[in-house]
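Colleague: I would like to go through some of the labels used for this structure and hear the reasoning behind each of them. Could we take them one at a time?

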Amino acid sequence: MLLNLDDLRHMAVSQSLFRPTTLKRALDKLGFVQADPIRSPARAQDLILRHRVNNYCAGDLDRRFAQLGVEEDVFVNYGFVTRSLQAVMHPRSDRSVAGGGQLWPAELKNRAQLLLDFVRERGAVHPRDVDNHFSHGSVQNYWGGSSKATTHLLDAMHYRGMLRVARREGGIRIYAPHLDGPEPIGAEERLARMDMLVDTAVNIYAPLPGASLSFLLRRLRYAAPQWRDEITEAIRRAKRRLSYARIDGVEWYWQAKKNSERATQPETVRLLAPFDPVVWDRDRFEMLWGWTYRFEAYTPLPKRKLGYYALPLLWRDRIIGWGNLSVRDGKLVSEISYVKSQPPRERAFRRELEAEMSRIRVFLGLDPD
């Protein structure tokens with residue numbers, strides 16, 4: 001079958017924005033949802049899920065966290081993973097990716113064991129309680145500042161799989177003990193697990209140009225640092241088994257089981273999170289939609305072109321602009337901009353844009369205008 005960029009655009013939208021379902025089924029289908037703490041007008045995980053879950057409201061993931069069978073963990077980024085996916089990634093070794101792959105020194109291992117014993121005794125702990133009990137002092141964090149050593153150690157133990165996030169209180173992680181499953185046995189199971197991680201990532205973010213596929217899969221060193229040396233070969237295996245097409249000189253890859261045939265795209269307007277799978281890969285974004293989108297929350301104000309937390313605006317299967325949303329005095333305030341300066345002239349677009357704004361008000365728990 002001969003494919004073109006229109007087919008890829010349709011595939012990128014229709015396969016990621018599947019028919020809305022229950023929260024648990026959506027999480028099971030995705031396997032991973034990226035998290036971000038910025039609320040503008042809501043956090044990334046909520047903005048991602050609202051398109052894929054029936055009647056989803058901001059904060060539903062937090063409110064139902066304990067019943068959903070998900071965990072906070074690192075996959076290709078930090079976010080929420082299903083327990084089945086987490087079981088594939090763990091147990092991790094005590095080598096820290098961010099620390100250059102060095103083994104924990106004996107003193108750190110001893111501190112971690114004391115801290116783990118403390119958490120087990122209490123069942124669940126706030127970092128403040130840990131710090132009050134141990135008073136480990138301060139360490140240099142990765143950004144050159146100073147952070148309490150207990151917080152640093154809790155983060156490391158969480159990543160290592162010794163602790164899990166039981167819940168959050170005021171945005172602060174409450175930690176509980178976590179037990180890994182058995183170590184993988186033999187090379188065959190190790191390769192199988194790597195391929196499972198690859199397939200999960202591709203299922204979320206494909207279709208992908210070859211360079212983006214390699215970039216994405218190399219991020220699996222965060223999901224499974226114990227197998228980081230296996231990634232290059234895992235990429236080769238993936239390219240052999242994935243569906244493939246060369247379009248305008250670029251190699252594209254996606255899951256072989258996915259249907260590449262185009263169907264009529266529904267006339268729907270959606271404002272997407274900056275980390276939504278549809279827009280996550282900025283190089284793919286530019287190839288598919290012909291303009292450059294950047295996340296500018298950490299860009300100095302004078303250098304911003306799109307806005308603090310610009311949400312890409314999807315109409316049918318085209319991303320034609322972006323919106324900046326905020327809540328002021330209990331009302332939704334929106335500023336919509338377009339790549340071609342003017343919005344589409346169809347009456348259907350105006351109707352659907354207002355329908356999207358109404359959905360966002362309900363999602364945020366605001367009174368309708």
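Colleague: Why is Arg318 called partly exposed?

Modeller: This is a predicted model, and in it Arg318 has a relative accessibility of 38%. Partly exposed covers the values between the 20% limit for buried and the 50% limit for exposed, and therefore Arg318, at 38%, counts as partly exposed.

Colleague: What makes Asp317 buried or exposed?

Modeller: The relative accessible area of Asp317 is 10%, and because buried means under 20%, Asp317 is called buried.

Colleague: How do you know that Asp317 forms a salt bridge with Arg318?

Modeller: The closest N and O atoms of Asp317 and Arg318 are 3.9 Å apart, and since a salt bridge asks for a side-chain nitrogen of Lys or Arg within 4 Å of a carboxyl oxygen of Asp or Glu, the pair meets the criterion. Asp317 and Arg318 also belong to a network of salt bridges that links them with Asp6 and Arg9.

Colleague: What makes the contact between Glu107 and Arg111 a salt bridge, and where do these residues lie?

Modeller: Their side chains meet with 3.6 Å from N to O, which is within the 4 Å limit. Both residues are in helix 6 (residues 106–122), and because they are four residues apart there, about one helical turn separates them. Glu107, with a relative accessible area of 55%, is exposed, as this value is over 50%, whereas Arg111, at 30%, falls in the partly exposed range.

Colleague: Why is Arg240 called exposed, while Glu233 is called partly exposed?

Modeller: Arg240 has 60% relative accessibility, which is over 50%, but Glu233 has a relative accessible area of 31%, which lies between the two limits. The side chains of these two residues meet in a salt bridge, with 3.7 Å from N to O, and the structure holds 32 salt bridges.

Colleague: Turning to the cavities, how many of 30 Å³ or more does a search of the whole structure find?

Modeller: The search finds two, and the second largest cavity holds about 40 Å³ of space.

Colleague: What makes eight residues of the lining of the second largest cavity nonpolar?

Modeller: Among the lining residues are Leu30, Phe32, Val33, Ile48, Tyr205 and Pro277, and Leu, Phe, Val, Ile, Tyr and Pro count as nonpolar. Gln34 also lines this cavity, and because Gln is in neither the nonpolar nor the charged list, Gln34 counts as polar, in keeping with a lining of eight nonpolar, one polar and no charged residues. Strand 1 (32–34) gives the largest share of this lining, three residues.

Conventions:
Residues are numbered from 1 along each chain as its sequence is written. This is a predicted model: local features need pLDDT of at least 70, side-chain atom pairs count only at pLDDT 80 or more; totals for chains, interfaces and linings use all residues. Side-chain values use heavy atoms; hydrogens and water are left out. On a 1 Å grid over the protein atoms alone, a cavity is a set of points where a 1.4 Å probe fits but cannot get out, and a pocket is an open set with protein on both sides within 12 Å along at least five of seven lines; lining residues have an atom within 4 Å of a point. Grid points are joined across faces, edges and corners, and a volume is the space filled by probe spheres set on the points. Helices (H or I, at least four residues) and strands (E, at least two) are DSSP runs, numbered from the N terminus. Buried means under 20% relative accessible area, exposed over 50%, partly exposed in between (1.4 Å probe, protein chains only).
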